[in-house]
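Take a look at the model below. This report walks through its parts one by one.

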Amino acid sequence: MRKVAVVGTGLGKWGVRSATLKELAQEAGKALFDDVEGLPREEVDSLLVGCALAERLAFQSYVAPLVAEQLGINPTRMLARTELACVSGQSALKMAYMAIATGLSDIALVMGLEKMNTPDMSETQTSMACVLDREWEGVNGMTAPPYFAMVAQRHMHEYGTTQEQMAMVSVKNHRFSATNPYAHFPKEVSMNRVLNSPSISPPLNLLDCSGITDGAAAVLLTHGDAAKEMTDTPVFIEGLGQAATGNLTANLPSLTSWPTMRRAVRDALKMAGATIHDMDLAELHDCFTISEIIEYEELGLAEKGKGGRFIEEGQSDIGGKLPINTRGGLLGCGHPLGATGVAQVVEVVQQFKAQVPSQRYVGGEWGLCHNLSGNANNHGVVVLRRGS
Amino acid sequence: MGEEKGVRRVPYLLDFYPLQGEEHTRIHPFFTHLTEGRLTTTRCKACGEVLWQPRVVCPHCNGEEMDWIDLPQEGELHAFTSVTVGAPMGMEDDLPFVVGIVKLRGTGLKVLARIDGASYEDLSIGQAVRLKVQPLEDGRVWFRFQV
């Protein structure tokens, strides 16, 4: 097995964009090729595209060749699209990792993208409800916000977590996204503003929720030897983990404990030969404020039920135990489903290369990305290490 | 799901409700039982596991022989919330509405459903609820729970 490194990154502007799915792909592709200046497109032998809901949100199938056309790439080794709802992007990265590690591919481009804003928001919501079992659970008007509202309700009920603690996650992540020109919400928010934002699904308010966002992100992967020739700072993928249960909400053993996340974290760290305490920063899937609180617990940073206290003590901020979501997270950047898992990796790589503004610079050597999907039944983890 | 006079036909890919007739699904007895006011599911004849949702193959032992059994019609709220904005198509007029996870009485079984008969503010965890059969405009049925 060969070592696999990220040698280039590219982001387009995220938000409610006056741009189509294809144009989002072009923007992130341009940013990537600008970053790896001098790389001929012909050398990219593989393209993996993470995109969750193109059929429903952009009326478009066969997305990987569509993206190849936009980027001017003619893959000679591997071409595929991955769909795993909010983990679609990380799944594409994982497939590219496997292709390069085995020698099937030498240079692979990974793109995550999603066009989510349509002229009809209720049609978008209809499509989002298909992520759950549509005919059994989506049919009840169940989408992500009401599901995670019940998670928050149970966490408050079982452990005494407060809305103020949840709001602190939003305040922190928006403070970071305020320094991120690619973010959907590049603006700080106050505690008061989060707590008084309109109710979406109680106890979740608008600013407890990530946005409906258009966006794309890309990374370029190659094998260890080639990486050192392409960049001074290759960032190696050292560990991967994933664990899941089936998708029926009614059959989940618990709303507030995510054992599949614990498993994915354990496996990824073991593969990397590292512990959570070695990490210098982490990108966690804060689709809702309560998610990040539970993730502190499942990462082993806080005891079960004490995630609220962890944010209260500032432990997930710069200067705390582990800086989390310096990119601004899903809360600050928005959540274009297929793009998120790739953008998390982009942030860690750009941190290691000191390509981020000083207000959120952490740098370091080790980073962890966590991406979840559905009703938090599926979790994927990537552990990255800066090479020298 | 035939075209009937006065029934607005939603395009298939925007229609949330399962197709229920014998020509569409092998679990059609579930819907027939529901019209009779019964909430039922399948139990694997080979290993005895009660399966939710109803199945045609047992995910535990691969058995294909199923018994239909009645489930309790009463339960209590394990978790709930209110959908106040962002309803999918066809549900906008119902806003706000309550959804919840109901723990069925005397079983370990939970089901996700709409909760009728009370607003979010009036509910608390543990609230008793009972089955409500909801007829759809086109003759199909679905289950909800009510306070």
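Start at one residue of this predicted model. A:Gly72 comes just after α3(A) and has a positive phi of about 75°.

Now step back into the helix itself. Helix α3 of chain A runs over residues 63-71. Which of its residues are buried? They are A:Val63, A:Ala64, A:Val67, A:Ala68, A:Gln70 and A:Leu71. These residues sit on the same side of α3(A), because they cover an arc of only 160° around the axis. What do the buried residues of α3(A) pack against? Their partners are α1 (21-35), β2 (46-50), α2 (54-57), β3 (78-82) and β4 of chain A.

**The two chains**

Chain A has 14 helices and 11 strands. Chain B has 1 helix and 8 strands. Along the sequence of chain B, the pattern is α-β-β-β-β-β-β-β-β. The table sets out some values for each chain.

| Chain | Residues | Buried | Contacts (separation of 6 or more) between residues 24 or more positions apart | C-alpha extent along principal axes |
|---|---|---|---|---|
| Chain A | 388 residues | 62% | 77% | roughly 55 × 45 × 35 Å |
| Chain B | 147 residues | 29% | 48% | about 45 × 40 × 25 Å |

Is chain A compact or extended? A compact globule of 388 residues would have a radius of gyration near 21 Å, and chain A has 19 Å, so the value agrees with a compact globule.

**Two domains in chain A**

The domain assignment splits chain A into domain 1 (4-119 + 213-234) and domain 2 (133-211 + 236-386). Their C-alpha centres lie 23 Å apart. The contact between them takes 37 residues from domain 1 of chain A and 33 residues from domain 2 of chain A.

Look at the side of domain 1 that touches domain 2. β1 (4-11), α4 (88-102), β4 (107-114) and β7 (215-223) of chain A each supply at least two residues there. The largest share, 6 residues, comes from α4(A). By class, this side of domain 1 holds 23 nonpolar, 10 polar and 4 charged residues.

**The nonpolar core**

In soluble globular proteins, nonpolar side chains tend to be buried together. Here, the largest nonpolar core has 151 residues. Which of them touch the most other members? They are A:Ala28, A:Ala96, A:Val110, A:Met111, A:Leu221, A:Val342 and A:Val345. Helix α14 (residues 337-352) of chain A gives the most to this core, with 9 residues. The core draws at least three residues from each of domain 1 and domain 2 of chain A.

Take A:Val110 as an example. Leaving out residues up to four places away in sequence, A:Val110 touches A:Leu48, A:Ala92, A:Leu93, A:Ala96, A:Ala218, A:Val219, A:Leu221 and A:Val342.

**Where the chains meet**

The contact between the chains takes 30 residues from chain B and 31 residues from chain A. On chain B, β4 (74-83), β5 (97-104) and β6 (110-116) each give two or more residues to the side that touches chain A. That side of chain B has 22 nonpolar, 5 polar and 3 charged residues.

A:Thr143 has a partner in chain B. Not counting residues up to four places away in sequence, A:Thr143 touches A:Gln125, A:Met128, A:Ala129 and B:Gly86. A:Thr143 is in the loop between α5 (121-128) and α6 (144-159) of chain A. Is A:Thr143 buried or exposed? It counts as buried, because it has 24 C-beta neighbours inside 10 Å. From A:Thr143 to A:Ala96 is 47 residues in sequence and 30 Å in space, C-alpha to C-alpha.

**Unusual backbone angles**

Most residues other than glycine have a negative phi, and most peptide bonds are trans. Some spots in this model depart from that pattern.

A:Phe59 has a positive phi near 55°. A:Phe59 lies in the loop between α2 and α3 of chain A. With 9 C-beta neighbours inside 10 Å, A:Phe59 counts as exposed.

A:Asn325 also has a positive phi, about 65°. A:Asn325 lies in the loop between α12 (307-312) and α13 (329-333) of chain A. With 28 C-beta neighbours inside 10 Å, A:Asn325 counts as buried.

Cis peptide bonds come next. One joins A:Pro202 and A:Pro203, with omega about 5°. A:Pro203 is in the loop between β5 (199-201) and β6 (204-205) of chain A. Another joins B:Trp52 and B:Gln53, with omega about 0°. B:Gln53 is in the loop between β2 (50-51) and β3 (66-70) of chain B.

How values were computed
Residues numbered from 1 in each chain as written. Chains lettered and ligands numbered in written order. Predicted model: local features only at pLDDT ≥ 70, side-chain atom pairs only at ≥ 80, totals over all residues. Contact = placed C-beta atoms within 7 Å. Helix = DSSP H or I, 4+ residues; strand = E, 2+ residues; numbered from the N terminus. Nonpolar A, V, L, I, M, F, W, Y, C, P; charged D, E, K, R; others polar. Domains from an automatic or database assignment. Rg over C-alpha atoms; globule rule 2.2 N^0.38 Å. Buried ≥ 20, exposed ≤ 12 C-beta atoms within 10 Å, placed from the backbone. Arc of directions from axis to C-beta. Core = buried A, V, L, I, M, F, W, Y, C linked by C-beta atoms within 7 Å.
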